[in-house]
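Let's take a walk through this protein chain, going from particular strands out to the whole fold. Keep the viewer open and follow along.

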Amino acid sequence: MAQEYDFNRIEKKWQEYWLTNRTFKAEDFSSKPKYYVLDMFPYPSGAGLHVGHPEGYTATDIVCRYRRMLGYNVLHPMGWDSFGLPAEQYAIETGTHPAITTKKNVDHFRDQIRALGFSYDWDREISTSDPAYYKWTQWIFMQLHKKGLAYLDEVAVNWCPALGTVLANEEVIDGRSERGNHPVIRRPMKQWMLKITEYAERLLQDLDDLDWSEGIKEMQRNWIGKSTGAEVNFKTEAGETITVYTTRPDTLFGATYMVLAPEHPLVSRLTVPAQQAAVEEYCAAAARKNDLDRTELATEKTGVFTGSYAINPVNGEKLPIWIADYVLVSYGTGAIMAVPAHDTRDYDFARKFELPIRCVIAPECGVAEAEGISRDDVLAGTACWTGEGKLVNSANAAGLDLNGLSVAQSKPAMTEWLAAQGLGKAAVKYKLRDWLFSRQRYWGEPFPIIHYEDGSIELVDEKELPVVPPELSDYKPSGTGESPLAKAADWLEYVDPKTGRKGRRETNTMPQWAGSCWYYLRYIDPQNDGAAWDFAKEKYWMPVDLYVGGAEHAVLHLLYARFWHKVLYDLGLVSTKEPFRKLINQGMILGISYKDARGVLIPTDRVEFTAAGPVSKDTGEPLTEFPAKMSKSLRNVVNPDDVIREYGADSMRLYEMFMGPLEAVKPWSTKGVEGVYRFLKRAWRLIREQAIVDRPCDAEEARIMHAAIKKVTFDLEHFGFNTAISALMVFVNDFSARKELPREAAEAFVKMLAVFAPHIGEELWESLGHDDTVAYEPWPVYDENALKVSETEILIQILGRPKARLMMPVGAGRDEMEKLALAAAEVQEAIAGRTVVKVICVPDRLVNIVVK
């Protein structure tokens, strides 16, 4: 009796084998070609892995196993993005040091990941909260500081007095804290900033050289937000100068008012006494909103008049100066010239506050009407037109005449005139802002910075790294706007060991992004105590050949990592301009959710499954099942531990790849896991129970084998894992119908299966008489000649109805097909006594005989 497929025994056996033998240890400086595969490392939360995590990890593991069989020296590491707010919040609530919580979570994550059989080089494991790691995060910050890319600035932040801390924009809802529902205000605070804007153009241009999806590149381009336009200087009646940046200098004759951001430094100086109370009240209200609430989420325009006027430099008209929160001080210059006839935001504002609207771009006849807008209304200033057209009402006595020009022609003409008059200049701007790099937290990397009593701010000596956060009795915010570190008096006070100068340590900590900006470099040389990495090793391994992770990191993480890498490149510390050659974002795996007739979501633990379908346990009402994002509140999170316990790790890996294309969004289905589990049992029986024969494949067997090799190889090269698995299923189906399985076909199949389902692959390889791991066996190569067939099956129809199936030579002509069909005994019998009217032949497919 053949042994049953016991995944529990098999998976534990081979996981222990790989770990003990360090099977997947990468070699530095191998003669083999290198291949560096990187997963976006996880934050080790207390909840552990859910089934969405292993999707990307499984994909990279398949690629790594495939590349090893192709003869590559593969680096495939794993680590932990282990600084973060959840561990600190748990510390505030319980007093448990975040390091203790983090270690416990990391241990759990590691056990879960190992249970899935991923081929990581565990000798290179890193953790961003390990002092041996963040010593070098601090060192990199020191290089940024020395290069002049780090500076202190007063920045408006979300300050919550009740919580005594600064909140991220995502933690503020309608001007109140997400935790505790406390009021939140905007206030300026000293923060460390990084000059990412100095690299904006390179970050933009170098995207063209990357093998990333156009969608991800476009997201980065939009975030950087390059625009070309002009800076225009407006004099005020009070003698001040307001500089605005505009991408539409061509519309300057249409400016009818100006708007300053509430935080603009000229607001107080330009506000007349009669308007002071209203302006102060408005600015205070704006300070309670975040940027998103002020722009994209704003339902109506608000504003207040300062009482002052500016002079339009092209026509001398007086423009009232307003304050409005839809203008952000962080973009452009924090001031705009408003052209309501040709900008929808300005138009809405002008209509609400009854400000003039003057058309300066006349659309061509019929063009506005095609957009559902009356051209006459545009010319009259009662409709907004943002499209192309000819300039009107755009000339002055100083020799500037744009009338009749197109938008494209008038932009440079206006800019050149402004420059010649000393009233403005051409300018390039970016939406990208310098990176706010401070957090008022405990559980993060302390800055290697000292604030001395004489006012100087200096880096610590490199010999003092790492700067380790102090032990605290409680981790609550200090209440002053500083981090909890400010409460550690002994740690805070600093005396320079060389000069005896007294100072105070920086109390802000770095954001969680810091550790993830360079972790791919530390994997290259994780045990190095004397340097962040060895340059020779970096030159061998970099760049990362394949980077896989979630699309939620498509902008910030990738942008920040690219920025740091370019700085390191400029310093001669890395050998490549870009860190990640190819990037793939895996699609989200959705859970199954339920809703009632009103659309109210019902948590899965309140659902009863009946023969008639799902119903509410509370009301008995029928429910609708639909796919939705997994969440704790809906109780639809699928734990991989449960799947592995019931079906095994190989089944889970196989199912996650079989669900659909890697980059697609896919709903989870336990029935689907059962399906691939049945396939693995069939594969087990094929190798363990079928007669394995030591003879060459016959022609048909060779065709089946080489067709599978060709398809799986092609799909692996193109990350088509779902269709590759389908090809393996076809192989099993075809050979299960035969009495014998030639050894060469069996071994080729097991090698291919092993990259997807490595535990069963190793076990079946061993059962075929091999003592060593299958991991480094050469990948099977297909023979194109074996795929050629001399005969093919042809369907024979009489009057369109199937009557027989005959083997005919591939490529047979119509005459030969007709002759062979009419000579077949079953056809002769069917048409006996009838007249053949005509014979329709479709080469290599069918013959249809028309009789009467």
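**A walk through the chain**

Start with strand β20 (residues 449-452) and strand β23 (residues 502-505): they run antiparallel and are joined by three bridges. One of the pairings to look for is Y452, whose bridge partner in β23 is G503. Bear in mind as you look that this is a predicted model.

Helix α5 (residues 131-146) packs on the sheet these strands belong to, touching β20 and β21, and its direction makes about 130° with that of β21. Zoom out a little and you'll find the whole sheet: four strands in the order β21-β20-β23-β22, open, with antiparallel pairing. The edges go to β21 (457-459) and β22 (493-495); each has a single partner strand, so one side of each is left without a neighbour in the sheet. From one strand to the next, the twist averages 40°.

There's another open sheet to visit, again of four strands with antiparallel pairing, and its order is β6-β5-β9-β19. Here β6 (165-167) and β19 (435-436) are the edge strands, each pairing on one side only. Inside this sheet, strand β5 (residues 150-160) and strand β9 (residues 185-194) run antiparallel, with 10 bridges joining them. If you want a spot to check the register, take Y151, which has M193 as its bridge partner in β9. As a reminder, strands of a sheet pair through backbone hydrogen bonds, in either the parallel or the antiparallel sense.

Next, jump to strand β36 (residues 836-842) and strand β37 (residues 846-851), which pair antiparallel over six bridges. C841 is matched with V847 in β37 as its bridge partner. These two strands make a hairpin with three residues between them, and D844 takes a positive phi near 65° there.

Now for a couple of individual residues. R65 sits in helix α2 (residues 53-69). Is its side of the story a buried or an exposed one? R65 counts as buried because its relative accessible area is 6%, and the cut-off for buried is under 20%. What does R65 touch, leaving aside residues up to four places away in sequence? The contacts of R65 are W18, F24, G117, F118, S119, R653, A754, V755, P758 and A775.

Q275 makes a good contrast to look at. You'll find Q275 in the loop between α8 (267-270) and α9 (276-287). With a relative accessible area of 23%, Q275 is partly exposed, since that class runs between 20% and 50%. Leaving out residues up to four places away in sequence, Q275 touches V304, F305, T306 and G307. Of these, T306 is 31 residues from Q275 in sequence, yet the C-alpha atoms of the two are 5.9 Å apart in space.

Finally, step back to the whole chain. Its secondary structure comes to 28 helices and 37 strands, and its C-alpha atoms fill a box of roughly 105 × 80 × 65 Å along the principal axes. Of the 852 residues, 52% are buried. Take the contacts between residues at least 6 apart in sequence: 71% of them join residues at least 24 apart. The accessible surface comes to about 37600 Å², and carbon and sulfur atoms account for 51% of that. As for charge, the chain has 99 positive and 120 negative charges, and their mean positions are 1 Å apart.

Notes: Residues are numbered from 1 along each chain as its sequence is written. This is a predicted model: local features need pLDDT of at least 70, side-chain atom pairs count only at pLDDT 80 or more; totals for chains, interfaces and linings use all residues. Side-chain values use heavy atoms; hydrogens and water are left out. Buried means under 20% relative accessible area, exposed over 50%, partly exposed in between (1.4 Å probe, protein chains only). Contact means heavy atoms within 4.5 Å. Accessible areas come from the Shrake-Rupley method with a 1.4 Å probe; for residues, only the protein chains shown count as cover. Lys and Arg count as positive and Asp and Glu as negative; His and the chain ends are not counted. The place of a charge is taken as NZ of Lys, CZ of Arg, CG of Asp or CD of Glu. Two strands pair if DSSP finds at least two bridges between them. Axes are lines fitted to C-alpha atoms, for helices over the stretch in contact, and angles run from 0 to 180 degrees between N-to-C directions.
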